[in-house]
Amino acid sequence: MKIGPHLLANRLFVAPMAGVTDRPFRQLCKTLGAGYAVSEMVASNALLWKSEKTQRRANHQGEFNPIAVQIAGADPRMMAAAAKLNVDHGAQIIDINMGCPAKKVCNVAAGSALLRDEPLVQQILEAVVQAVGVGADAVPVTLKIRTGWDREHKNAIDIARLAEKSGISMLTVHGRTRADLYHGEAEYETITAVKNSVAIPVVANGDITTPEKAEFVLKETGADAIMIGRAAQGRPWIFREINHFLETGGKLPTPQINEIQDIMNAHLLDHYAFYGEYIGLRTARKHIGWYCKGLRDSHAFRQRMNTADDCKTQLQMVNDFFNEMKSHSDRLLFLEAA
């Protein structure tokens with residue numbers, strides 16, 4: 001599959017998730033089988049461009065190509081300027097966020113709130129495409145949306161047609177409305193309808209948690225690719241599991257404890273190096289919690305681990321916990337009920 005001039009390794013994508021898909025996590029997922037990953041959301045407000053958070057999110061040093069950056073906002077001119085700025089900092093693909101359901105995003109009429117204003121959607125898409133997606137040095141512009149604002153106002157097909165007309169190179173659809181947040185089950189009928197209404201590549205997103213579900217969604221929707229978000233938290237090897245299943249029809253064995261411990265160690269060391277001691281210690285907690293979810297005594301361990309006051313101690317506590325797990329089993333069993 002291609003996005004503009006970029007040939008992707010496969011059709012398994014990492015969803016952009018605020019506070020999760022930083023550079024270390026994107027690199028890890030790509031190493032473990034993802035063909036493409038989009039950055040955390042970068043605000044289009046120029047007043048925030050020099051903030052430490054934005055500077056860190058714009059850091060792509062050593063990242064595998066193609067480098068894709070997601071921008072968010074509600075002002076066409078600001079969005080165009082943000083797209084150009086990120087291209088200047090190494091972005092090879094610009095993704096526009098019109099799918100985030102978070103209140104702090106929707107309250108400023110950005111993210112999925114934009115789906116209520118189709119003329120503004122068109123203005124933003126055209127402004128960003130004109131800024132970076134036209135001419136010899138064109139950078140592909142992609143779009144991520146939900147199925148609509150609520151179940152009574154599903155307009156994903158109309159938005160998709162606007163996107164195609166505006167020069168968008170690829171469209172990702174999460175199978176929920178903004179009102180659904182992350183509740184209930186994703187529906188794929190709208191994604192199927194969107195795929196049948198446009199010629200540009202369409203990516204299906206929402207509740208893809210197993211290799212079997214990935215195969216089902218690809219067949220059910222006819223989508224060109226699938227995007228995986230929450231299911232990769234603490235389980236970044238899901239991409240190689242899905243890739244293997246799609247290619248062979250067989251399932252890979254559950255990763256052994258030693259391998260998962262090695263993966264987690266490499267991730268945490270990269271995470272600490274990227275964020276530094278103070279932020280790295282705190283932001284690593286959620287990843288550690290995800291890696292340990294469903295394991296014996298994991299709740300008590302997370303409470304102890306949160307008392308660590310430096311990265312070295314935190315890492316040692318994590319390894320002590322996993323070494324204890326080895327004494328019980330040579331496999332990690334992730335409990336569905338956890």
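Okay, a quick definition to get us going: helices and strands here are DSSP runs, at least four residues for a helix and at least two for a strand, numbered from the N terminus. With that in hand, we can place proline 66: it sits in the loop between helix 2, residues 52-57, and strand 5, residues 68-72. And keep in mind that what we're looking at is a predicted model.

So what's odd about proline 66? The peptide bond leading into it from asparagine 65 is cis, with omega near -5 degrees.

Next up, cysteine 100. UniProt, in an unreviewed entry, puts the feature "active site" at Cys100. Find strand 6 (93-98) and helix 4 (103-106), and look at the loop between them; that's where cysteine 100 is. Is cysteine 100 buried or exposed? Buried means under 20% relative accessible area, and cysteine 100 has 16%, so it counts as buried.

Now let's go inside. The largest nonpolar core has 60 residues, and the ones touching the most other members are Ile96, Met98, Val128, Leu143, Ile145, Ile226 and Phe239. Which helix gives the most to this core? That's helix 5, residues 118-132, with 7 residues. Zoom in on isoleucine 96: leaving out residues up to four places away in sequence, its contacts include Ile124, Leu125 and Val128, as well as Val141 and Leu143. Apart from that core there's another one, of 23 residues, with Leu268, Leu281, Phe301 and Val318 among them.

Helix 1, residues 23-31, is a nice one to look at too. It's mostly covered, with 8 of its 9 residues buried. And what do those buried residues pack against? Strand 3 (12-14), strand 4 (36-43), helix 9 (238-248), helix 10 (257-275) and helix 11. At the N-terminal end, aspartate 22 acts as a cap: one of its side-chain oxygens lies 3.0 Å from the backbone nitrogen of phenylalanine 25. After helix 1 comes glycine 33, with a positive phi near 120 degrees.

Speaking of positive phi, here are two residues that have it although they aren't glycines. Leucine 181 has a phi of about 50 degrees, and it lies in the loop between strand 8 (170-174) and helix 7 (189-197). Aspartate 297 has a phi of about 60 degrees, and you'll find it in the loop between helix 11 (277-292) and helix 12 (298-305). As for how covered they are, leucine 181 is partly exposed at 31% relative accessible area, and aspartate 297 is also partly exposed, at 49%.

That's my tour, thanks!

Note on methods. Residues are numbered from 1 along each chain as its sequence is written. This is a predicted model: local features need pLDDT of at least 70, side-chain atom pairs count only at pLDDT 80 or more; totals for chains, interfaces and linings use all residues. Side-chain values use heavy atoms; hydrogens and water are left out. UniProt positions are given in the numbering used here, feature names are shortened, and annotations may be inferred rather than shown by experiment. Buried means under 20% relative accessible area, exposed over 50%, partly exposed in between (1.4 Å probe, protein chains only). A nonpolar core is a set of buried Ala, Val, Leu, Ile, Met, Phe, Trp, Tyr and Cys residues joined through side-chain atoms within 4.5 Å. Contact means heavy atoms within 4.5 Å. A polar contact is a pair of N or O atoms within 3.5 Å; within protein, one must be able to donate a hydrogen and the other to accept it, and residues adjacent in sequence count only if both atoms are side-chain atoms.
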